[in-house]
2 protein chains.
Amino acid sequence: MEKITLDQHISRQFNTDLEHLKTQTLAMGGLVEQQLQDAMRALETGDSELALAVLETEKQIDAMERDIDEACTTVIARRQPAATDLRMILAVSRSVRDLERVGDEAQRIAKMAIGLSEEGGSPRGYVEARHIANGVRELLRGCLDAFTRFDAQAARETMTKDKQIDLDYRSAVRELITYMMEDPRSISRVMNVLWTLRALERIGDHAKNICEHIVFLVEGKDIRHVHPED
Amino acid sequence: MEKITLDQHISRQFNTDLEHLKTQTLAMGGLVEQQLQDAMRALETGDSELALAVLETEKQIDAMERDIDEACTTVIARRQPAATDLRMILAVSRSVRDLERVGDEAQRIAKMAIGLSEEGGSPRGYVEARHIANGVRELLRGCLDAFTRFDAQAARETMTKDKQIDLDYRSAVRELITYMMEDPRSISRVMNVLWTLRALERIGDHAKNICEHIVFLVEGKDIRHVHPED
């Protein structure tokens, strides 16, 4: 009986650890979403103060990644999880790396916003950027929702949206290149929008990666049959 | 006595596992270096066949990442490592993700090479691209060398080279934008070189990340005092 009690106790503690990792990851995801939204608003409105706030908050995201990653390592060392639990921790560790990269890209967009507010707005590309940003934000939201419920099916469905984003991205780039050829004096300003589009496309890639981590977490077969007892 | 023998046996097996992970990672690193070299050569010589070979090999790199990452998970589940061993496995898992991204960027460069061989070469930017590529390859080599010896000092020194790459990148971008303004008909071709420069800059970032993983592996304080026995 004592052993069972001990097991339950350890397991309860362990569950708390896992829940905590999940909550922290979702909090980080929420902050990253906000960063993307603010960076895009700064770009569209030429609000360089808001853009600077995005750059400032990036440090907080870096710290969150480090904290969560350290917590993952600690939980592995302390609890020595196997199978699903280990996969969950690894999926968290991988996802926060992708979230941190999303934060990086939001920071790049904020820098473009500052560039545009200094050089004057771009004559083109805002409509396309907003359209792609909306798609990317939907993708990111979908992947965080799937993460909340550890829902592999939802993750698979969400992933497919990245294809449309890539298509929209490529078409927008073509259009802006054509425009620059017609109005070469705008090149430097249009380039800021072009880099923004590329950053958005990368965010889409990272969101897709997170979806893959969720599928690995839920369905991963690679370690299912590996257990110290075996 | 029996226990000691068992421990030694387990430890020997475990060392083999760790050595194997390291060897596999270095093999992947070597292949990724080759990809970068081939992609740059394809770009400079307009050799679209070589560029296609780079795209083909990318699948192999993806498979290597998956294999090594699975091996990491298996070793954690089987051996339940703590402290340095765990950090080493996590550093491997993180490094192969960065190496895979370097492979992705090499693939992007190969695509630009194909674009240039179809549209005709760019009138500018090759000298700058080659210069930056040389710096990036040196950085990548340095980080793989530091990984081979698990040398944190060498990793720290190598990392600093990324700053010069960023400076060279920014100066080359400015120059190419100025050139495009003077010769707008070249924009589409010059853009292929611009995307290449950005891909190279990203590779520098990933190499820097790998250096950070090595420092974490060797010096990481976050889990040094965490052990199941505590």
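How many helices and how many strands does chain A have?

**Exercise 1. Describe the fold of chain A.**

*Solution.* The model is predicted, so local features need pLDDT of at least 70, side-chain atom pairs count only at pLDDT 80 or more, and totals for chains, interfaces and linings use all residues. Residues are numbered from 1 along each chain as its sequence is written, chains are lettered from A and ligands numbered from 1 in the order in which they are written, and side-chain values use heavy atoms, with hydrogens and water left out.

Step 1. Chain A has seven helices and zero strands; helices (H or I, at least four residues) and strands (E, at least two) are DSSP runs, numbered from the N terminus. Along the sequence the pattern reads α-α-α-α-α-α-α.

Step 2. Taken along the principal axes, the C-alpha atoms of chain A fill a box of roughly 80 × 30 × 20 Å.

Step 3. Of the 230 residues in chain A, 54% are buried. Buried means under 20% relative accessible area, exposed over 50%, and partly exposed in between (1.4 Å probe, protein chains only).

Step 4. A contact requires heavy atoms within 4.5 Å. Among contacts in chain A between residues at least 6 apart in sequence, 85% join residues at least 24 apart.

**Exercise 2. Characterise the interface of chain B and chain A.**

*Solution.* Step 1. In this interface, 40 residues of chain B are in contact with 40 residues of chain A.

Step 2. The two chains bury about 3900 Å² between them, 60% of it on carbon and sulfur atoms. Buried area is the accessible area (1.4 Å probe) that two parts lose on being put together, summed over both.

Step 3. The rule finds twelve salt bridges across the interface of chain B and chain A, a salt bridge being a side-chain nitrogen of Lys or Arg within 4 Å of a carboxyl oxygen of Asp or Glu. One salt bridge is that of B:Asp98 with A:Arg101, where the closest N and O atoms are 3.2 Å apart.

Step 4. On the side of chain B that touches chain A, at least two residues each come from helix 2 (48-79), helix 3 (83-119), helix 6 (161-182) and helix 7 (187-219) of chain B. Helix 7 of chain B gives the largest share, twelve residues.

Step 5. The residues of this side of chain B divide into 17 nonpolar, eight polar and 15 charged. Here Ala, Val, Leu, Ile, Met, Phe, Trp, Tyr, Cys and Pro count as nonpolar, Asp, Glu, Lys and Arg as charged, and the others, Gly among them, as polar.

**Exercise 3. Compare the expected and modelled spans of helix 7 and helix 6 of chain B, and state how they are enclosed.**

*Solution.* Step 1. The expected span of a helix is 1.5 Å times one less than its number of residues. For the 33 residues of helix 7 of chain B it is 48 Å, which agrees with the 47 Å between the end C-alpha atoms.

Step 2. Helix 7 of chain B is largely enclosed by the rest of the structure, because 26 of its 33 residues are buried.

Step 3. The 22 residues of helix 6 of chain B should span 32 Å, and the end C-alpha atoms are 32 Å apart, which agrees.

Step 4. The buried residues of helix 6 of chain B include B:Asp162, B:Tyr169, B:Ala172 and B:Met180. The buried residues of this helix pack against helix 7 of chain A together with helix 4, helix 5 (152-159) and helix 7 of chain B.

**Exercise 4. Locate A:Asn192 and B:Ser122 and list their surroundings.**

*Solution.* Step 1. A:Asn192 lies in helix 7 (residues 187-219) of chain A and counts as buried at 9% relative accessibility.

Step 2. Not counting residues up to four places away in sequence, A:Asn192 touches A:Met112, A:Gly115, A:Leu116 and A:Glu119. A polar contact of 3.5 Å joins the side chains of A:Asn192 and A:Glu119; such a contact is a pair of N or O atoms within 3.5 Å, where within protein one must be able to donate a hydrogen and the other to accept it, and residues adjacent in sequence count only if both atoms are side-chain atoms.

Step 3. B:Ser122 is found in the loop between helix 3 and helix 4 of chain B and is buried, with a relative accessible area of 8%. A polar atom of the side chain of B:Ser122 lies 2.6 Å from the backbone oxygen of B:Arg124.
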